Amino acid sequence: MFGMYGLYWDPTYILVIIGAVICMIASSHVNRTYRIYQQVRSNSGLTGAQTAERIVRAYGLNGVTVRHVSGNLTDHYNPSDKTLNLSDAVYASASVAAIAVAAHECGHAIQHQKGYVPLRMRGALVPVANFGSTIAWPMILIGLFINSRSGMLLIQAGILCFSLAVLFQLVTLPVEFDASRRALHVIEDLGIVGHEEMKLSRKVLVAAALTYVAGAASAILQLLRLILLFGGRDDD
Ligand SMILES: [Zn+2]
C-alpha cells in the first residue's frame, strides 16, 4: 500500500502547483484589467445599474430585478429569484468595466429567458458538484487508511465524485463565454457603447472569462493527478 504517499510531495504534486499558478496569473490579470477600465468613464454616462435596467426593458426580461450586492467581483445573476446582483464597483459606477460586467450578467438573464441548454445543465449540476467536491477528499483519505479492496473502491468513488466537480467547471465555460458574447452584442445593439469602447469592454470580459478557463484547467490537472496516483493501480 502507498499509505500517506501521494497526498503531499509526490512528483505529481507539480500538477497542483501548475494549476495554482495558472489561477493566480488569471486572477491578477482580471484584477489589473478591472482596475484600469474602472477608471475609464463611459461616453454614455450610464452606471452598471442603469445599463442593466435598460437591457432588462429593451429585451423584455420579465420579472428580472436589478439589485445591489456588497463585495468585490460578487456580481451574479440568480435564476431562482431572477435577480441581477451588481457589486459595489459596478452598481453605481459609470465606467466601461461596470457596463461590461452589468451587460454580462444580463447575458445570463437572457440565457435563462431563452432556456439556453448549457445554463440549465449547469443549474442541474450545482447540487451534484457541491456534494461531489465536499465528499471527494474525505473518501480518498479514508480509502487510503483502509488496507483492502474496499479502500481502493472508496478512493475510486472519491475520484468519481471529484470528477463531478470538474464537469461543473467545464459546463461553466460555454455558459460564461456565451453570456459575454450576448453582452457585447446587446451593448452594441442598444448603442450603449461606441466602437472604441466595444474594444475595451471586450478586454474586460475576456479577462473575466480567462479566470474560468484557469479554474477549469486547474481542476482538470488535479483530476489528472488523482488518476495518475490511483487510477491504474489495483489493490493486491
Ligand atoms: Zn457570468
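## A partly exposed valine in helix 1

Let's start with Val21, which counts as partly exposed because its relative accessibility is 40%, a value in between the limits of 20% for buried and 50% for exposed. This residue sits in helix 1, the segment covering residues 13-38. The model you are looking at is a predicted one.

Val21 also belongs to a nonpolar patch on the surface, with an area of about 480 Å². Its companions there are Ile14, Ile17, Ile18, Ile22 and Ile25.

## The overall picture

Stepping back, the chain contains 7 helices and 3 strands. Following the sequence, these elements come in the order α-α-β-β-β-α-α-α-α-α.

The C-alpha trace spans about 70 × 35 × 25 Å along its principal axes. Of the 236 residues in the chain, 45% are buried.

## Helix 4, an enclosed helix

Helix 4 takes in residues 96-114, 19 residues in total. From first C-alpha to last it reaches 27 Å, close to the 27 Å expected at 1.5 Å a residue. Just after this helix comes Gly115, with a positive phi of about 65°.

How many of the residues of helix 4 are buried? The count is 16 of 19, so the helix is largely enclosed by the rest of the structure.

Gln111 is a good residue to look at in helix 4. Its relative accessibility is 0%, so Gln111 counts as buried. The side chain of Gln111 reaches the backbone oxygen of Val175, at a distance of 2.9 Å.

## The zinc site

Which residues are the protein donors of the zinc ion? They are His104 and His108, each through NE2, and Glu176 through OE, lying 2.0 Å from the ion. Along the chain, the donors follow the spacing H-x3-H-x67-E. His108 in helix 4 and Glu176 in helix 6 (residues 149-189) are 68 residues apart, and this pair links distant parts of the chain.

Are His108 and Glu176 buried or exposed? Both His108 and Glu176 are buried.

## Putting it together

Helix 4 is a handy place to begin a tour of the model: it holds Gln111, whose side chain reaches the backbone oxygen of Val175, and it also holds His108, one of the donors of the zinc ion. For a contrast in setting, turn to Val21 in helix 1, which is part of the nonpolar surface patch.

Notes. Residues numbered from 1 in each chain as written. Predicted model: local features only at pLDDT ≥ 70, side-chain atom pairs only at ≥ 80, totals over all residues. Heavy atoms only, no water. Helix = DSSP H or I, 4+ residues; strand = E, 2+ residues; numbered from the N terminus. Expected span 1.5 Å × (residues − 1). Buried < 20%, exposed > 50% of the residue type's maximum accessible area, 1.4 Å probe, protein only. Patch = residues over 30% accessible without salt bridge, like charges linked within 9 Å, V, L, I, M, F, W, Y side chains within 5 Å. Areas by Shrake-Rupley, 256 points an atom, 1.4 Å probe, with all protein chains shown as cover. Salt bridge = Lys/Arg side-chain N within 4 Å of Asp/Glu carboxyl O. Donors = N, O, S within 2.8 Å, 3.2 Å for Na, K, Ca; no water. Polar contact = N/O pair within 3.5 Å; in protein donor to acceptor, adjacent residues only side chain to side chain.
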